[in-house]
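Q: How should the local features of a protein model be read, residue by residue? Please work through some cases with me.

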Amino acid sequence: MANERKTEQIVRKHFERFANEITIEEQSSDIPKINKLLKTASKKGSGKGYPEFIISFKNNADLLIVIECKANITKHESEKKNKYSDFAVDGVLIYASYLSKEFDVIAIAVSGEIENNLKISHFLQLKNTETAHNIFNDDTFLSVNDYIKAYKTDERKFNQDFQKLLKYSRSLNDKLHSYKVPESQRSLLISGILIALTDLAFSNSYKYQNPKELSENLIITIKNKLTSIQNKYIENIISTYSFIKTHTILSKKENILKNIIDEIDTEINNFIKNYKYFDTLGQFYIEFLRYANNDKGLGIVLTPPHITELFTEIASINKDSIVLDTCTGTGGFLISAMKKMIIDAGGDKNKELKIKSEQIIGVELQHDLFSLLCSNMFIHGDGRSNLLKGNCFDDNIKISVKKHKPNVGFLNPPYKTSKNDPEELEFIYNNLEQLEKGALCVAIIPSSCALADKGTGFEAKKKLLKNHTLEAVFSMPNELFYNSNVSVSTCVMVFRAKEKHAEKFKTYFGLWKDDNFVKIKNIGRIDLHKTWSKIKDNWLNNYKNRDEIIGESIKINVNAKDEWLAENYIKINYLETKKSDFQEFIRNYTGNSFLIKKIDFIDKKPAKKKDIFLKDRNYNFFKLIDIYNIKKGERLIKSKRIEGKIPLLTSKSLNNGISGFIDYEHFIENKSIYSKKITIDMLANVFYHGYKYFSDDNIHTLIIKDKYENFGTEFVSIFIATLLQKIVLRYNYGRQVRLKRLENETIMLPVNDDNKIDWEFMENYIKSLDYSSSI
């Protein structure tokens, strides 16, 4: 007969080995908060719950382990996990759901009576979350240290802690604002405190010092800590921290500085200890300068952490990489690279020391940023000796860099804010010139750089291809820098150093526009749905294999005059258009026509009752300009508009592109008026208009050519307009719709047996859909 006590004894025996680190309780707990949570956690639906084991950690009050046992392996887990009394997994998850109201919970289900034939399942449910997820390998117990390590490195745990950190950053930002600490000095204050807290004497004494003593001791401790590894620049660095001892509030008011240090030790230092290789100070820098103008005025846009990590994988960083960042900022790229290199070192301490002392090279020009960079690298315990302060174009800097023989280059150069600033592409060229032959340089820059076909930008493109190979270009998400309050469309370029771009070489272009990050108010863009890891792996696998996928990637031979963006070359999969897409277009069009009183009512009936299927025809590509003449509207600024009854189209995604109504008589002489036409605005919003309209200069009207005039009915136009919505993947604020680009646009249309456009099919298909009788 199955005996659950045997299962419990196996569990007890395993965890009792770690009695110095944990407290093991059975059925109930001496911790009042736990007992209160279990008071209504019965597996039977009412009353108190009694888990087999409740394990708390002596050095981590936020984490619990709860364990439920069953003697019979067949009673391990039910299909729907809702038989709480009968199955181990079901029961432990119900306990975790209650305990997670106040704790992070590792839930362990154990079934079986023989130690080497157990079924063991592990779950983690974080505090104040609704669901538990699987962690660890099944059927194996871990040591307490391994449980703690895996818990701290769990992606969901990191995201939770990171959100908590960002929340604190806003609170701290408000507090420092009230203390009159300028935005540009707030990250320096934090970095200085974090450095000082690594000193045991300072950490033990700061609470007992008056404001003046504390502010002076803070500066002295920072200087002592940094002198040994940045002696060359130490006076410059310390001068950036000098404001602390002269600040009228920090250095004079009782408890202000002390309380800030206390908070930073608790809220930030603990995060850094748990997540060592993460640019924490960079995130605070972004948060603090979000409300200031000085970062954008200097063209500084710090790279999001998931992108710095992506760079390390694009470049295949390993323990032997020697990484150069010539526009280092707060060190985000170097920190991500070092993390990857140290993991690859596999615990070899001598190699780790070499990585930190010889294989990390950074150049930063700006005074405050350089101090922050040095502090950031110190906090991460690495690579400070190869941080150079100066202009990356300076010959002496370049000579110093080349001595290290860097074989990987990363950079996010300062974005050009005036005509006298260097081109972003010049920074890439500069980085490449300092790399070993064959090394990869990965850079993120504004998409506009890839479009240059004249001027200094074009000359920079020519110089790059003359000396280096353009391996790949990836178009990045439109709002990638949302957290920095910067709206710029960007791309990532990958170059191979000192190998001339061969005439017939095909560059790989990828459309990496959707990382599935979500904007959350007061937080920023985050991986809310936990899909980034899968998306990243898909992007990288396609790139490494150089896969050409319709709508995602393509290999093309390009020269300096060409656009270096996937949007210009990517093939659109028009066959992905579904019946629901056509139906939605019709509903939006008829609904808008009703709202602007162009039709009196909306009838859901189709114009023709007949089932017609898209798959019943073959499809071929046609150039858009072979079917349509394309005319651009005329500019009409708001102050010149006179209200009337004719719709005015401007660039917008809603209301069929209508932004208002203007007077017919006033504008008919100097503006073109159209009706029953398809329009495409500068951001590729596509609409059909069965009524008269005026348009501004961001609108392109498609006028069917004379030879097809008899076929261009409203129904056909709606079919084609629905398909043309697919071109939106080619365009954004960085690459807008222009007449020249539309001249190269193609569309896939149904064809008849003679391989000619099947106009009749398009008309009948639209007529077969709901609401088409209202067109």
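**Burial, contacts and backbone angles**

A: We begin with T7, which counts as buried because its relative accessibility is 0%; buried means under 20% relative accessible area, exposed over 50% and partly exposed in between, with a 1.4 Å probe and protein chains only. This is a predicted model, in which local features need pLDDT of at least 70 and side-chain atom pairs count only at pLDDT 80 or more, while totals for chains, interfaces and linings use all residues. Residues are numbered from 1 along each chain as its sequence is written, and side-chain values use heavy atoms, with hydrogens and water left out.

Q: Where is T7 found, and which residues does T7 touch beyond those up to four places away in sequence?

A: Helices (H or I, at least four residues) and strands (E, at least two) are DSSP runs, numbered from the N terminus. T7 belongs to helix α1, residues 4-16. A contact means heavy atoms within 4.5 Å. With residues up to four places away in sequence not counted, T7 touches C69, K70, A71, V110, G112 and E113. One of these partners, C69, is itself buried, since its relative accessible area is 0%.

Q: How many disulfides does a search of the whole structure find?

A: A disulfide is a pair of cysteine sulfur atoms within 2.5 Å. By that criterion, the search of the whole structure finds zero. C441, for instance, is in no disulfide: the nearest cysteine sulfur belongs to C327 and is 9.7 Å away. C441 counts as buried because its relative accessibility is 0%.

Q: How is a residue inside a strand read, taking H700 as the case?

A: One locates the element, then the accessibility, then the contacts. H700 sits in strand β25, which covers residues 699-704. Its relative accessibility is 1%, so H700 counts as buried. Not counting residues up to four places away in sequence, H700 touches I630, K631 and K632, then I678, T679, I680 and D681, and also V737, R738, L739 and L742.

Q: What does the sign of phi show at N128 and K597?

A: Most residues other than glycine have a negative phi, and most peptide bonds are trans. N128 is not a glycine, yet its phi is positive, at about 65 degrees. It lies in the loop between β5 (119-125) and β6 (133-134). N128 is exposed because its relative accessible area is 58%. K597, also a residue other than glycine, has a positive phi near 65 degrees. The place of K597 is the loop between α23 (579-595) and β18 (618-623). At 72% relative accessibility, K597 counts as exposed.

Q: How far apart in space are residues that are separated in sequence, such as Q583 and Y771?

A: The C-alpha to C-alpha distance is set beside the sequence separation. Q583 and Y771 are 188 residues apart in sequence and 8.0 Å apart in space by that distance. Q583 is in helix α23, and its relative accessibility of 19% is why Q583 counts as buried. N117 and I73 are 44 residues apart in sequence, with 9.0 Å between their C-alpha atoms. N117 is in the loop between β4 (104-111) and β5, and it is partly exposed because its relative accessible area is 41%. Leaving aside neighbours within four places in sequence, N117 is in contact with I73 and S111.

Q: Which side chain makes a polar contact with that of N217?

A: A polar contact is a pair of N or O atoms within 3.5 Å; within protein, one must be able to donate a hydrogen and the other to accept it, and residues adjacent in sequence count only if both atoms are side-chain atoms. The side chain of N217 is joined to that of Q209 by a polar contact of 3.3 Å. N217 is found in helix α8, residues 211-227. Apart from neighbours within four places in sequence, N217 is in contact with F202, S205 and Q209.

Q: What do the chain-wide values add?

A: The protein chain contains 28 helices and 26 strands, and buried residues make up 54% of its 775 residues. Among contacts between residues at least 6 apart in sequence, 72% join residues at least 24 apart. Along its principal axes, the C-alpha trace spans about 90 × 80 × 55 Å.
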